[in-house]
Amino acid sequence: MKAIIDCNNFYCSCERLFRPELRNKPVVVLSNNDGCIVSRSDEAKYAGVPMAAPFFESRSIIALHDIAVFSSNYNLYGDLSWRVMETLRMIAGKENVEVYSVDEAFVDLSAVPVKELPTIAKKIKKTVEDWTGISVSIGVAPTKTLAKLANYIAKKDKKATGCITVLATRQEQQKALQQTRLANIWGVGGAYANKLYNMGIFSGWDLASMPDYWMYKNMGGVVGSRLLKELNGEPAKDMEEELVTKKVIATTRMFGSPVGDIASIREAVATYTSRAAEKLRRQHSAAKTISVFVVANEENHNVNYHGATHSDSFTLPAATSFTNELIKPAIEIVDTLYKPGMLYKKAGVMLSGIVPDNSIQANLFLPETKNCERKLMDMIDNVNFSQRDDVLKFAASGTVRNWKMQQNHISPRYTTRWNELYEVS
DNA sequence: TCTGGGGTCCTAGGACCC
DNA sequence: TCTGGGGTCCTAGGACCC
């Protein structure tokens, strides 16, 4: 059996942890640049705030219900996420935990007798909540997909389930599948859901009853076959090893407001490159190819028009993880993409052709300067990581940074900065 | 006029996830 | 006026090779 442990309204819970007066009050958290609503407390959901909708569209409903608004504070969420995951690793054993996202983890419970699953789930829930202050929901079932389904049911009616649902028998699974619409099944997105509704397939159970060749043909080949197995209790998505190395590393951002001067765009791209290189070094990799794109801020021609994207890439003579070696080609690409007189609203950097970094330790065969650069990178990463912020940066990244995103409702970094520490009076 | 068979690698695009 | 960011996997199709 597998469990999925999912933090309830994670970003909102993090904010409320340090603002106890907001407990039982409606709260929302915004995406980068204060663009969309990405997390809502239960009270905000009841008030009718839609998920993933633009912030400005909900302003009136937010004012009406006196809803607390926060810009996203990734320093805070990252730190609390780490605490939750550490707790799970301590309870279940490191090798049985797969961190799936910032607020979710799968836990392998195959060693636990079926009878004891509800008790264990309760224990996990209580421990995480006692140790971190973050409430969680838990779904348990034989496969990852059914565990996600169990978790969906646990969250849907928190009072009835106590935020825990175990689907151990086929009868329980059948009932759950029958009462769940397709779009809420893990692995069925909007495009497939519409297609299936038009074919007269509505519930998870309908889908689980289709033949394999049909799933292969209509649901994306082997992806569909795997989904069918998972729905029928046969694991097709295994627990994954921790520390899988990413194959693409991207850092992309909207600007706070449209930007026209090339100096700012160079700064932004240099900054994104630094961040991407940092992610690269964290997984002990080096990249061979860097691509850069900019998105123009053009007039809207239709609803779905998001402006023209211009991109180019550069393949390095050898894979590297050194920020300075990546910034140089990145800025050269900016210079070829940039058109004077144009306004831009977004830029991004992508690193690919990722290979293990073989110069992590001082390398006898490299010139001494290379080994110094490696030490320099390590030092920069250590300082920036301990502060959870860019204390040290390359000059190309700029100091004024007037292209930076808007964060008009940001909360303090309570847990990662001494001078922003939560105070008890 | 007639034009093989089998393979690899790469890229773009579509679907999905949180 | 104002709509995020960062990933994954898979397939199809083209280029190229012998």
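These legends go with several views of chain A, a predicted model.

Residues are numbered from 1 along each chain as its sequence is written, chains are lettered from A and ligands numbered from 1 in the order in which they are written, and side-chain values use heavy atoms, with hydrogens and water left out. As this is a predicted model, local features need pLDDT of at least 70 and side-chain atom pairs count only at pLDDT 80 or more, while totals for chains, interfaces and linings use all residues.

**View 1. The fold of chain A.** Let us start with the whole chain: 15 helices and twelve strands make up its secondary structure (DSSP runs numbered from the N terminus, with helices being H or I of at least four residues and strands E of at least two). The C-alpha trace spans about 65 × 55 × 55 Å along its principal axes. The radius of gyration of chain A is 24 Å, which agrees with the value near 22 Å for a compact globule of 425 residues (taken over C-alpha atoms; the rule is 2.2 Å times the number of residues to the power 0.38). Of the contacts between residues at least 6 apart in sequence, 68% join residues at least 24 apart (contact means heavy atoms within 4.5 Å).

**View 2. Burial in chain A.** Here 45% of the 425 residues count as buried (buried means under 20% relative accessible area, exposed over 50% and partly exposed in between, with a 1.4 Å probe and protein chains only).

**View 3. Tyr100 meets Trp186.** This pair is one of twelve aromatic pairs in the structure (rings of Phe, Tyr and Trp, the last by its six-membered ring, pair if their centres lie within 6.5 Å; planes under 30 degrees apart count as stacked, over 60 as edge-to-face and the rest as tilted). Tyr100 and Trp186 sit edge-to-face, 5.7 Å centre to centre with 75 degrees between the planes. They link distant parts of the chain, 86 residues apart: Tyr100 lies in strand S5 (residues 97-101), and Trp186 in the loop between helix H8 (170-178) and helix H9 (190-198). Tyr100 is partly exposed at 38% relative accessible area, and Trp186 is partly exposed at 22%.

**View 4. Tyr197 stacks with Phe202.** The two rings form a stacked pair, with 5.8 Å between centres and 15 degrees between planes. Tyr197 is buried, at 18% relative accessible area, whereas Phe202 is partly exposed at 42%.

**View 5. An aromatic cluster.** Take a look at Phe10, Tyr11, Tyr74 and Tyr77, which together form one aromatic cluster.
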